[in-house]
Amino acid sequence: MAKPQVLCLIWLSLVSLSLSSSVSTPNPKTQLQSGTGEAHQELIKYGFPIGLLPTDVKSYNLNRTSGRFLIMLGDTCRVTLPPDNYLATYNKKITGKIVESRIAEIDGISVRAFFKWWGITGIRSNGQDLVFEVGMLSAKYPSKNFDESPDCEGRRTSS
Ligand SMILES: *[C@@H]1O[C@H](CO)[C@@H](O)[C@H](O)[C@H]1NC(C)=O
């Protein structure tokens, strides 16, 4: 007659699981996402969503006059971009030039498509959509797909 007890245990652990997950993220929409910082806030000021940058930002440097920036990540970083699950990589060092609604001369971000790696050279924002420029080509995606800063994949977090 152990079955009801086992079921009861499973049910209890499910309940505590869902309780603990709801406790750890009380207001996901209103709170600053953990792992994001000043560099991500800077993106918002320039009209971009924070999801363009992974969470693993070690430092950033921005010259507000020229718009030139330098971002250092903790390590090279691989993420899957929504919604088409393109694989993207970030170098440890990312440079470029940012002005309102436009990032240009990007160096350090590549995306995998058509069996090749392409460097993303520019990103434009019109509030609703982001337009990614890869050389002469461009692709448009809704900005809301980038509301969350992605965690880097395939790397163990050292704790
Ligand atoms: C920022 O950029 C401007 C314009 O290019 C330049 O004159 C200035 O020296 C730069 N400031 C720093 C701190 O690099």
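**View 1. The β1–β2 hairpin of this predicted model.** Strands β1 and β2 make a hairpin, with five residues between them. In the turn, take a look at G67, whose phi is positive at about 80°. The two strands pair in the antiparallel sense, and five bridges hold the register. To find your place along the hairpin, use Y60, which stands opposite I71 in β2.

**View 2. The two faces of β2.** Which side chains of β2 point to the buried face? They are F69, I71 and L73. R68, L70 and M72 point to the other face and are not buried. This is a pattern you may know well: in a regular strand the side chains alternate between the two faces of the sheet. β2 is also joined to β4 by five bridges, with the two strands running antiparallel. Here R68 stands opposite K97 in β4.

**View 3. Helix α2 and what covers it.** Helix α2 spans residues 38-45, and its buried residues are A39, H40 and L43. Viewed down the helix axis, these buried residues fall within an arc of 100°, so they line one face of α2. The face turned away from that buried side carries the exposed residues E38, Q41, I44 and K45. Part of the cover over the buried residues of α2 comes from β1 (57-62) and β2 (68-73). Just after the helix, G47 has a positive phi of about 90°.

**View 4. The largest nonpolar core.** This core has 23 residues, and the ones that touch the most other members are L52, L53, I71 and I123. Two or more residues each come from α2, β2, β3 (77-81), β4, β5 and β8 (129-134). Which element gives the largest share of the core? It is β4, with four residues. Now zoom in on L53: leaving aside neighbours within four places in sequence, L53 is in contact with A39, H40, L43 and S149. Three residues from View 3, A39, H40 and L43, thus return here as contacts of L53.

**View 5. Two positive phi angles outside glycine.** As background, most residues other than glycine have a negative phi. S101 is not a glycine, yet its phi is positive, at about 65°. S101 lies in the loop between β4 (86-99) and β5 (102-113). Is S101 buried or partly exposed? With 14 C-beta neighbours inside 10 Å, S101 counts as partly exposed. E105 is not a glycine either, and its positive phi is about 50°. The place of E105 is in strand β5. Because E105 has 12 C-beta neighbours inside 10 Å, E105 counts as exposed.

**View 6. The whole chain and the confidence of the prediction.** Stepping back, the protein has two helices and nine strands. From the N terminus on, the order is α-α-β-β-β-β-β-β-β-β-β. Of its 159 residues, 20% count as buried. Among contacts between residues at least 6 apart in sequence, 34% join residues at least 24 apart. The average pLDDT is 82, and 76% of the residues score at least 70. Take care with residues 6-30, where the pLDDT is below 50. Beyond near neighbours in sequence, that stretch has zero contacts in the model.

Note on methods
Residues are numbered from 1 along each chain as its sequence is written. Two residues are in contact if their C-beta atoms, placed from the backbone, lie within 7 Å. The arc is that of the directions from the helix axis to the C-beta atoms. pLDDT is the predictor's confidence in each residue, from 0 to 100. Two strands pair if DSSP finds at least two bridges between them. A nonpolar core is a set of buried Ala, Val, Leu, Ile, Met, Phe, Trp, Tyr and Cys residues joined through C-beta atoms within 7 Å.
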